[in-house]
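Got the structure open in your viewer? Let's walk through it together, one selection at a time.

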Amino acid sequence: SLKGAGATKTTVNFQNSFFGLVDATNAVVEGIKLVNSSTFGSRSTVLLESSGARIKNCTISGGYYGVYVGFNSQRPASNSEISQNIIVNNSTGIRIWSDALNITVYNNTIAFNNPYGGLASHIATIIVENNIITSNGYQFAVVEGLQPTFRYNNVYPGTPDVGYQGLPPQTGINGNISTDPLFANASGADYRLSAGSLCIDSGLD
């Protein structure tokens, strides 16, 4: 396990690294600001390729992929959890590849990942719950025909193509909403919710 003092206090900056942090079986990574500042084109700040890893309470930025899940069929990533993170300022926030299995993504803020997207999945065995997904190139994309578990998320904007790709807009279904989350000061990296945000108390306990 790797535990920092909190994402505002502990920073790990990966320089000249194609993959920044690589998980291990049942690893827990918590409370760290993770940045990949290398110049490799398809770099990832976090690579999940093992079983049972958990990434939580981190800030993840600087990657072509913030979190890349599933390296290949020999190292696919399974039963992994991405929770309570701030995943911002990557080209793509989270990419879940087709070899991965049983991935849970919940209670994250996934925002300002451009020019591509917030969360892209090539698998159906994913639970996406209680996330704020906003202001990315697109918000949520899945291979057409797959039916992931997607509930109690705020996807903004929630329109076709920009909000959702590969499935119809989910606003009003399974507790999903689409509203400006009203970050306190996004330009200052303060992603707390302002009073009056409809995201407050809208998730699943």
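Here is a short tour of strands, rings and cysteines. Keep in mind that this is a predicted model.

**Stop one: the sheet.** Switch to a cartoon view and pick out the strands β1, β4, β7, β10, β13, β16 and β19. Taken in that order, these 7 strands make up an open sheet with parallel pairing. Now go to the edges: β1 covers residues 2-3 and β19 covers 149-151, and each of them has a partner on one side only.

**Stop two: a pair of strands.** Select residues 78-83, which is β10, together with residues 101-106, which is β13. This parallel pair is joined over 5 bridges. Show Ser78 as sticks, and you'll find Leu101 of β13 standing opposite.

**Stop three: the rings.** How many aromatic pairs are there? The count comes to 11. For one of them, select Tyr64 and Tyr65: their rings meet edge-to-face, 4.8 Å from centre to centre, with 85° between the planes. Turn on the surface here, too. Tyr64 is partly exposed, at 22% relative accessible area, whereas Tyr65 counts as buried at 14%. Next, select Phe18, Phe19, Phe40 and Phe71, a cluster linked by ring pairs.

**Last stop: the cysteines.** Select Cys58 and then Cys199. Are they buried or exposed? Cys58 is buried, with a relative accessible area of 2%, and Cys199 counts as buried at 9%. Don't go hunting for a disulfide, though: a search of the whole structure turns up 0.

Terms used: Residues numbered from 1 in each chain as written. Predicted model: local features only at pLDDT ≥ 70, side-chain atom pairs only at ≥ 80, totals over all residues. Heavy atoms only, no water. Phe/Tyr/Trp six-rings, centres within 6.5 Å; stacked < 30°, edge-to-face > 60°. Buried < 20%, exposed > 50% of the residue type's maximum accessible area, 1.4 Å probe, protein only. Pairing = 2+ DSSP bridges. Helix = DSSP H or I, 4+ residues; strand = E, 2+ residues; numbered from the N terminus. Disulfide = S-S within 2.5 Å.
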